[in-house]
Amino acid sequence: MSIGELLAATVPMVRTLNLEYLETTPEQAVLALPDQSEYRNHVGGPHAGAMFTLGESASGAIVLAAFGDQLSRAVPLPVTAEIAFRKIALGPVTATATLGRPAAEVVAELDEGKRPEFPVSVAIRREDGAVTTEMTVVWTLRPNG
């Protein structure tokens, strides 16, 4: 089962918004939010809440791809999120998430008994490639026990 299939099966909001997992690797996660009239805002684009969910979901997908092998000893959790709306989004949008720190560095902190934090940057783009939204989600790996 792919990470996208796993998240679609276990996170109801992913199914609600019909998010599509286009790529999920430890280096990059790319998700799409189709254009759906029931999730549009007052200007006809995707609602801010749907865009936030898209971005947070992309950040979570890369976290699972990069740190899935650590799940037996730590739980990934978002700590903070910041979002900036730069341009009007219309139509379908795509979110691309990237890790802000090398995964090996984060795992080394976990090995030292620390609770590492690391940023994930997300850019949300329209079909024409324009970045409409920028988001940073800071995640942690909380050690079990």
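This passage describes strand E2, its two partner strands and a cavity in a predicted model.

Strand E2 spans residues 29-33 and is mostly covered. Of its 5 residues, 5 are buried, that is, under 20% relative accessible area. In a regular strand, side chains alternate between the two faces of the sheet. Both faces of E2 are covered. Ala29, Leu31 and Leu33 lie on one side and are buried. Val30 and Ala32 lie on the other side and are buried too.

E2 pairs with two strands, E1 and E4. Strand E1 covers residues 20-24 and runs antiparallel to E2. The two are joined by 4 bridges. A hairpin of 4 residues connects E1 to E2. Across this pairing, tyrosine 21 stands opposite leucine 31 of E2. Leucine 31 belongs to the side of E2 that also carries Ala29 and Leu33.

Strand E4 covers residues 93-99 and is likewise antiparallel to E2. Here 5 bridges join the strands. Leucine 33 of E2 stands opposite valine 93 in E4.

Leucine 33 also takes part in a cavity lining. Rolling a probe the size of a water molecule over the atoms shows where empty space is left. The structure holds 1 cavity of 30 Å³ or more. The volume of the largest cavity is about 40 Å³. Its lining consists of Leu33, Pro34, Asp35, Gln36, Tyr39, Arg40, Gly45, Pro46 and Gly91. By class, this lining comprises 4 nonpolar, 3 polar and 2 charged residues. Leu33 thus appears in three settings: the buried strand E2, the pairing with E4 and the cavity lining.

Note on methods: Residues numbered from 1 in each chain as written. Predicted model: local features only at pLDDT ≥ 70, side-chain atom pairs only at ≥ 80, totals over all residues. Heavy atoms only, no water. Buried < 20%, exposed > 50% of the residue type's maximum accessible area, 1.4 Å probe, protein only. Pairing = 2+ DSSP bridges. 1 Å grid on protein atoms, 1.4 Å probe; cavity = no way out; pocket = protein on both sides within 12 Å on 5 of 7 lines; lining within 4 Å. Points joined across faces, edges and corners; volume = space filled by probe spheres on them. Nonpolar A, V, L, I, M, F, W, Y, C, P; charged D, E, K, R; others polar.
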